[in-house]
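Trainee: I should like to take a close look at a single part of this model, the place where the ligand sits. Could you please describe the surroundings of the ligand for me?

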Amino acid sequence: IEPAERARQLAVIAAEVSECVACGLHSTRTQTVFARGLGGAGLCFVGEGPGAEEDAQGLPFVGAAGQLLDKMIEAMGLTRDEVYVANIVKCRPPNNRKPSPDEMAACVHFLERQLAILNPEVIVALGATVVQGLLGTTEGITRLRGKWKLYKGRIAVMPTFHPAYLLRTPSAKREVWTDLQAVLRQMGRALPPPKK
Ligand code: URA
């Protein structure tokens, strides 16, 4: 679909999301958090759910983890605008706890519709909870990361560590960079020159 029609269809879903009361998370949210970026590059990053900063601003990955995600996007030779960033759940879980399986099940249909419209070449799943919500697998992220999976039998998914984990464990950035390089290869994009 052409970009204007895609934006129109996504706006319809965003409007539905903004009124959603399908799970308990709606009662403590400031606002819903739908997505950021246009997705023109064919790459989507999927996170768990909004944190405090995202709940305040109404945009995903705008807090500390988001700033690290932006650095990763830039290191891939991509811009913030050309990738699409969304979460499994659209409302902030209180105290930044993980979204429960019930909450994810109540919400994931929105993400599924977003992904159907975007039809990305690759989805990067940020952390075990996301892989679980998206693919239904229950393995730990240490085993899952770096290994290609398929979403709906069709779209390549690369599971990797969540940027919030990287903030606590900077040594794991090396593995994430390996995973993101595999994503670039899969998309037929040039790898950025090695840093000196
Ligand atoms: N962590 C997430 O998983 N999503 C956000 O939007 C922000 C932090």
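Mentor: The following account treats the ligand and its surroundings. The model is predicted, so local features need pLDDT of at least 70, side-chain atom pairs count only at pLDDT 80 or more, and totals for chains, interfaces and linings use all residues. Residues are numbered from 1 along each chain as its sequence is written, and side-chain values use heavy atoms, with hydrogens and water left out.

The space that the ligand takes is the largest pocket; a pocket is an open set of points on a 1 Å grid over the protein atoms alone, where a 1.4 Å probe fits, with protein on both sides within 12 Å along at least five of seven lines. A molecule sits in a pocket if more than half of its atoms lie within 2 Å of its grid points.

Around the ligand are Gly47, Glu48, Gly49, Glu54, Pro60, Phe61, Asn87 and His162, each with a heavy atom within 4 Å of the ligand. This shell comprises two nonpolar, four polar and two charged residues; Pro and Phe count as nonpolar, Glu as charged, and Gly as polar.

Polar contacts are pairs of N or O atoms within 3.5 Å. The side chain of His162 places an N or O atom 2.8 Å from an oxygen atom of the ligand. A backbone N or O atom of Phe61 lies 3.0 Å from a ligand oxygen atom, and one of Gly49 lies 3.0 Å from a ligand nitrogen atom. The protein buries 91% of the 230 Å² that the ligand exposes when taken alone, with areas from the Shrake-Rupley method and a 1.4 Å probe.

Notes: A polar contact is a pair of N or O atoms within 3.5 Å; within protein, one must be able to donate a hydrogen and the other to accept it, and residues adjacent in sequence count only if both atoms are side-chain atoms. On a 1 Å grid over the protein atoms alone, a cavity is a set of points where a 1.4 Å probe fits but cannot get out, and a pocket is an open set with protein on both sides within 12 Å along at least five of seven lines; lining residues have an atom within 4 Å of a point.
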